[in-house]
Amino acid sequence: MGTTTERTLGILALISMIAALYLGLIYAPVESKMGIVQKIFYVHVGSAWSAFFAFFIVFVFSVAFLISKKQTHDHIANISAEVGFLFTTMVLITGPIWGRSSWNAWWSWEPRLTTTLILWFIFLGYFMIRRMDGLWEKKARLAAVFGIIGFIDVPIVFMSIRWWETKQHPIVFGSGPSQKGGGVEPEMLVALLAMLLAFTLLYFFMLYRGIVIAKLQQETNRLKEALRELA
């Protein structure tokens with residue numbers, strides 16, 4: 001059952017990613033000012049969306065663990081944090097590549113990049129807590145609290161370009177004079193939505209695979225303990 005689900009998620013993620021890349025690289029028109037470099041925008045926004053969603057799952061299952069004390073909830077929060085951290089790293093890599101063409105600089109301490117970097121460091125700290133010496137349950141409780149607090153930065157990242165004046169990061173969804181750079185062409189919007197779907201499926205595939213691996217590791221540890229007791 002698990003293998004079938006994992007395979008199905010993997011196939012769906014692969015097909016949707018290929019379709020999204022086609023739509024972004026070939027179907028969507030080339031942006032007039034930034035040129036071909038702008039097409040990294042689809043991967044950049046897709047990875048950002050998945051990172052935010054992953055950290056939301058961390059928040060939900062961290063709260064669930066503090067209430068239930070179930071190890072399964074802790075596993076899901078931890079695995080989702082790992083996936084979210086990977087996607088955040090992608091955001092911090094693709095952002096400067098895109099920004100180099102737009103800003104003529106690899107990095108700018110503008111609100112969204114800065115708050116995203118803070119988010120990356122918050123969850124780096126989350127993993128450091130996981131690797132501390134001590135009892136599992138104590139580390140899990142501390143990590144859960146850290147994960148809940150860390151999620152607070154997600155809406156700050158999202159709203160940063162609306163709260164602080166910036167001409168560098170465009171508002172993708174929206175239009176009008178107050179929405180600096182807002183709005184996309186219909187073909188670009190199709191490509192963007194396809195990429196969001198592809199990254200969402202990729203997230204669920206990686207999460208499910210991580211849960212399966214965590215269960216196998218847990219079972220292996222139980223067998224090792226049983227063998228030690230027999231010895």
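# A tour of a seven-helix chain

Start by selecting Leu86, which lies in helix H3. Here a helix is a DSSP run of H or I with at least four residues, a strand is a run of E with at least two, and both are numbered from the N terminus. Leu86 is partly exposed, with a relative accessible area of 40%. On this scale, buried means under 20% relative accessible area, exposed means over 50%, and partly exposed is in between, using a 1.4 Å probe and protein chains only. Now add Ser50 to your selection: 36 residues separate it from Leu86 along the chain, and their C-alpha atoms are 9.8 Å apart.

Before moving on, a word about what you are viewing. This is a predicted model, in which local features need pLDDT of at least 70 and side-chain atom pairs count only at pLDDT 80 or more, while totals for chains, interfaces and linings use all residues. Residues are numbered from 1 along each chain as its sequence is written, and side-chain values use heavy atoms, leaving out hydrogens and water.

**The whole chain**

Zoom out and colour by secondary structure. How many helices and strands are in the chain? There are 7 helices and 0 strands, so the pattern along the sequence reads α-α-α-α-α-α-α. Of the 231 residues in the chain, 43% are buried. Turn on the surface, and the chain exposes about 13,000 Å², with carbon and sulfur atoms supplying 69% of it; such areas come from the Shrake-Rupley method with a 1.4 Å probe, and for residues only the protein chains shown count as cover. Contact means heavy atoms within 4.5 Å. Among contacts between residues at least 6 apart in sequence, 72% join residues at least 24 apart.

**Helix H2 and the loop after it**

Select residues 40-68 to see helix H2, which has 29 residues. From its first C-alpha to its last, H2 reaches 42 Å, close to the 42 Å expected at 1.5 Å a residue. The expected span is 1.5 Å times one less than the number of residues.

Next, click on Lys69, in the loop between H2 and H3. Its phi is near 65°, a positive value in a residue other than glycine. Lys69 is partly exposed, at 38% relative accessible area.

**Two stops in helix H3**

Helix H3 covers residues 71-103, and Asn78 is found there. Is Asn78 buried or exposed? It counts as buried because its relative accessibility is 18%. Show the side chains around it: leaving aside neighbours within four places in sequence, Asn78 is in contact with Tyr126, Phe127 and Arg130.

Thr88 is also found in helix H3. At 2% relative accessibility, Thr88 counts as buried. With neighbours within four places in sequence left aside, its contacts are Ala51, Phe55, Thr116 and Trp120.

**Where H4 meets H5**

Select residues 111-130 for helix H4 and residues 136-151 for helix H5. These two pack at an angle of about 175°, with their axes 9 Å apart. Axes are lines fitted to C-alpha atoms, for helices over the stretch in contact, and angles run from 0 to 180 degrees between N-to-C directions. That angle makes H4 roughly antiparallel to H5, since angles over 145 degrees count as roughly antiparallel, those under 35 as roughly parallel, 65 to 115 as roughly perpendicular, and the rest as oblique. Among the contact residues are Leu119 and Tyr126 of H4, and Ala143 and Phe146 of H5.

**Last stop: helix H5**

H5 has 16 residues and reaches 22 Å between its first and last C-alpha, close to the 22 Å expected at 1.5 Å a residue. Its buried residues include Ala144, Gly147 and Ile148. Finish by selecting Ile148 together with Ser62: they are 86 residues apart in sequence and 6.6 Å apart in space, C-alpha to C-alpha. Which residues are in contact with Ile148, leaving aside its neighbours within four places in sequence? They are Phe59, Ser62, Val63 and Leu66.
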